[in-house]
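User: I'd love a close look at one part of this protein, the nonpolar interior. Could you walk me through it once the structure is up?

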Amino acid sequence: MDIYSNPKLYDSIHHDHKWDMKLIEAYAKQAHGPVLELASGTGRLTQTIINLGLDYTGLELSRPFLNQAKIKYNGDAKFILGDMRDFHLGTKFDFIFIGFNSFLHNLTDLDAKNCLECVREHLSDNGRFLLSIFIPDPIFLNRDSDKLYPATDFFQFQNSKCRIMEKNQYDPRSQINDLTWSVERDGKIDQEEYHYSMRMFYPHEMDMLLSETGLIIREKIGDYDGSPMDGESGMQIYVCE
Ligand SMILES: C[S@@+](CC[C@H](N)C(=O)[O-])C[C@H]1O[C@@H](n2cnc3c(N)ncnc32)[C@H](O)[C@@H]1O
């Protein structure tokens, strides 16, 4: 099954994941006009923007996730079904962001370029764009592909104590990591498996992709606490104009 087919499971896993909210809020605050989130999911970050009094639009590919977001926000935010690699909304935004590694769903250079071109098309003259992904970790990528590893803390789902167990297979040629998630429910692994893939982008590749699209990098941040990116950083967060 596609990992983005079960919004209730996603929300149970991520309901108290707030690590990126302060950073997103700090940059959104500087915008005076509308905000666009790409790959907005079930709207985990939407309330942060609404609380600032800014108009929020979320663009999301999964219909079940989009519907869940629409139900949650009941008209207080706009959600559009769309593909971050090909969208043309006919309007500009003062702040565009793509958080929580969602950019890694662009599996090829062409996907990534198309996505960034669309961002550029929608960014107002003084607008800012924030992109947040992790830096590829060779230890994680090269784990034993037959073994299940814990991927989350324990969480409550359908009256059971659950956690996500995952395995992955990395192809260094395509730089694509294929992941399989299984729900461990009260100590037993469910039969059902969820699949997804992420393309690994290294910082020098992001430099090239962003500059080829004409986006100017103003800041490189290495953690959600706002510290600058360096050789020890786990994250690569770009603030562009
Ligand atoms: C890790 S989730 C992040 C969701 C949300 N932004 C959050 O922070 O909780 C990644 C999201 O990317 C969406 N997605 C994947 N490929 C996409 C695409 N090509 N265009 C738009 N959304 C996409 C998935 O459906 C999923 O909701």
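Which residues have the most contacts inside the largest nonpolar core?

Analyst: Happy to help! This is a predicted model, in which local features need pLDDT of at least 70 and side-chain atom pairs count only at pLDDT 80 or more, while totals for chains, interfaces and linings use all residues. Residues are numbered from 1 along each chain as its sequence is written.

The residues you are after are V35, L38, F95, I96, V119, F129 and L131, and the core they belong to has 46 residues. A nonpolar core here is a set of buried Ala, Val, Leu, Ile, Met, Phe, Trp, Tyr and Cys residues joined through C-beta atoms within 7 Å. Buried means that 20 or more other C-beta atoms lie within 10 Å of a residue's own, exposed means 12 or fewer, and partly exposed is in between, with C-beta atoms placed from the backbone. Apart from this core lies another, of 7 residues, including I164, W181, V183 and Y194.

Now let's turn to I96. Leaving out residues up to four places away in sequence, I96 touches L36, L38, V119, H122, L123, G127 and F129; contact means C-beta atoms, placed from the backbone, within 7 Å.

Helix 2 (residues 21-29) has L23, I24 and A28 buried. They lie on the same side of helix 2 because they cover an arc of only 130 degrees around the axis, the arc being that of the directions from the helix axis to the C-beta atoms. K22 and A26, on the other side of helix 2, are exposed. The cover over the buried residues of helix 2 includes strand 1 (35-38), helix 3 (46-50), strand 4 (93-98) and strand 5 (123-134). Helices (H or I, at least four residues) and strands (E, at least two) are DSSP runs, numbered from the N terminus.

Key. Two residues are in contact if their C-beta atoms, placed from the backbone, lie within 7 Å.
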